Amino acid sequence: MSSRLFRNDGGRFVLDQANSDLFKDIGLISGAVFSDVNGDGWPDLILAPEWGSLKLFVNDHGHLRDATAAWGLDRVIGRWNGVTTGDLDGDGRLDIVATSWGRNTEYHVDAAHPLLLYYGKLGGGARWDMIEARYDDRLHRIAPLAPFGELLTTLPVARLTTRTYTAYANASLQDVLGGTLQGAQRWEAATLDHQVFLNRGGQFEARPLPAEAQFAPAFYAGVADFDGDGHEDLFLSQNFFPTEIATPRYDAGRGLLLRGRGDGTLEPVPGQVSGILVYGDQRGAAFADYDGDGRTDLVVSQNGATTRLYHNEHARPGVRVRLEGGQLNPHAIGAVMRLVYDGSRGPAREVHGGSGYWSQDGPVQVLGLDEGKHPTAVWVRWPGGSETLAPLPAGQLEITVRRP
């Protein structure tokens, strides 16, 4: 499966063939975000495929190049749902958060026993089929994971080689499918953990999110300062109900807020403390200060249920920053901002035009205040690399910065 990139040419979207060639046969993409991970002012592209590693395409003045391996993202092979970026360790570089399926599933995988997916014309006809498999320690071979009765329904060819449940229990995938396995494509996942990839400048360091985050699948991931302490936090929308008949629905989550400590580590906040209690099949979500009080609010959508809006009442009010990027980019999508203190700076915040999982956070950013410090300015790096330092008078908690 291939993807395409279209450029906005005066209001018309035109296929960018040169860059689109990079996405040929890239697979099924679940999430995507443009984010300036190398800090040069040009938004890079991060893709979250359903199978494989995250993909990074660095933007060299409008020309994309695959930098997945160069930045070390190819070392973590998983099944991804959503992706976003944010400065979780406060060093001014944008880190990556990628959501997956967690550890509370029927699959328990690791590097030695990855989950495998084979797809192709396995039935010998024109239809494309797929089958999950994994290395079996008892057989010392790759064995199918589907129950025998289910497999016979979808792939009758299996009956030709494995006529009994006993034979199926002792059969490898090659035994079951025979020659039809030749030519099938193979994907694998060595982890199902939700992950943070800390940006070390040219390399990403992968860390799984805390165990409490792994209790349920997650889709949207959003980075903002939810409590107003000057450190970036993370919210995950969770659960997945539409499973197959034999698999119970994944419903162990209720929407999880993780409080950032400013060093890249995250602390799960219980729902009775955060106030976020969403028990349904969550998907998209978004941060925005919808009432203009300087606190970041949250909206969470659910599949087949009501959308929930959470009003932030207890955070310390931060600085509301509105960027004006001009007629062609009024919300300054792709700009990065930081509060400037005497001798230091706060974490970087980027204005995204869609990220997390089929969602878009509000363009007006609320930057939390580091306790005991008083900001003197707002630093902005605009798309293209130019910079602005806008003075912030003492006590002022709202500012509009226009691109020069």
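A residue counts as exposed when its relative accessible area is over 50% and as buried when that area is under 20%, with partly exposed residues in between. The legends below use these words for a predicted model.

**Figure 1. His 63 in strand β6 of the predicted model.** His 63 belongs to strand β6, which covers residues 63–66. Because exposed means over 50% relative accessible area, His 63 counts as exposed at 54% relative accessibility. When residues up to four places away in sequence are not counted, His 63 touches Asn 19 and Val 58. Gly 92 lies 29 residues from His 63 along the chain, and the C-alpha atoms of these two residues are separated by 24 Å.

**Figure 2. Two histidines with a positive phi, His 61 and His 140.** Most residues other than glycine have a negative phi. His 61, although it is not a glycine, has a positive phi of about 55°, and this residue is found in the loop between β5 (55–60) and β6. With a relative accessibility of 53%, His 61 counts as exposed. His 140 likewise has a positive phi, near 60°, and lies in the loop that runs between β10 (129–136) and β11 (141–144). The relative accessible area of His 140 is 56%, so this residue is exposed.

**Figure 3. An open sheet of 3 strands, in the order β26-β22-β29.** The pairing in this sheet is mixed, and its edge strands, β26 (365–367) and β29 (398–402), each pair on one side only. On average, and with direction ignored, neighbouring strands of the sheet are turned by 30° against each other. Strands of a sheet pair through backbone hydrogen bonds, either parallel or antiparallel. Strand β22 (residues 319–324) runs parallel to β29, and 5 bridges join the two; along this pairing Val 321 stands opposite Ile 399, while Arg 322 stands opposite Thr 400. Between β22 and β26 the pairing is antiparallel and extends over 3 bridges, with Leu 367 in β26 as the bridge partner of Val 319.

**Figure 4. The largest nonpolar core, with its 25 residues.** In soluble globular proteins, nonpolar side chains tend to be buried together. Within this core, the residues that touch the most other members are Phe 235, Ile 276, Phe 287 and Leu 298. At least two core residues are supplied by each of the strands β9 (115–120), β15 (218–224), β19 (282–288) and β20 (297–302), and the largest share, 3 residues, comes from β15. A view centred on Ile 276 shows its surroundings: leaving aside neighbours within four places in sequence, Ile 276 is in contact with Phe 226, Phe 235, Arg 254, Gly 255, Leu 257, Gly 271, Leu 298 and Tyr 310.

**Figure 5. Aromatic pairs around Phe 219, including its pair with Trp 101.** The whole structure contains 14 aromatic pairs. In one of them, Trp 101 and Phe 219 meet edge-to-face, at 5.9 Å centre to centre and with 80° between the planes. Trp 101 lies in the loop between β8 (95–99) and β9, whereas Phe 219 lies in strand β15, so this pair ties together parts that are 118 residues apart in sequence. Both Trp 101 and Phe 219 are buried. The rings of Phe 219 and Tyr 357 have centres 5.1 Å apart and planes at 65°, so they too form an edge-to-face pair. Because Phe 219 lies in strand β15 and Tyr 357 in the loop between β25 (349–350) and β26, this second pair ties together parts that are 138 residues apart in sequence. The relative accessible area is 4% for Phe 219, which is buried, and 10% for Tyr 357, which is also buried. Ring pairs link these residues into a cluster made up of Trp 101, Phe 219, Phe 240, Tyr 250, Tyr 357 and Trp 358.

**Figure 6. Charged side chains over aromatic rings, with Arg 249 and Lys 373.** Arg 249 lies over the face of Phe 241, at 4.0 Å from the ring centre. In the second view, Lys 373 lies over the face of Tyr 341, and here the distance from the ring centre is 5.6 Å.

Notes. Residues are numbered from 1 along each chain as its sequence is written. This is a predicted model: local features need pLDDT of at least 70, side-chain atom pairs count only at pLDDT 80 or more; totals for chains, interfaces and linings use all residues. Side-chain values use heavy atoms; hydrogens and water are left out. Two strands pair if DSSP finds at least two bridges between them. Helices (H or I, at least four residues) and strands (E, at least two) are DSSP runs, numbered from the N terminus. Axes are lines fitted to C-alpha atoms, for helices over the stretch in contact, and angles run from 0 to 180 degrees between N-to-C directions. A nonpolar core is a set of buried Ala, Val, Leu, Ile, Met, Phe, Trp, Tyr and Cys residues joined through side-chain atoms within 4.5 Å. Buried means under 20% relative accessible area, exposed over 50%, partly exposed in between (1.4 Å probe, protein chains only). Contact means heavy atoms within 4.5 Å. Rings of Phe, Tyr and Trp (its six-membered ring) pair if their centres lie within 6.5 Å; planes under 30 degrees apart count as stacked, over 60 as edge-to-face and the rest as tilted. A charge sits over a ring if NZ of Lys or CZ of Arg is within 6 Å of the ring centre and within 35 degrees of the ring normal.
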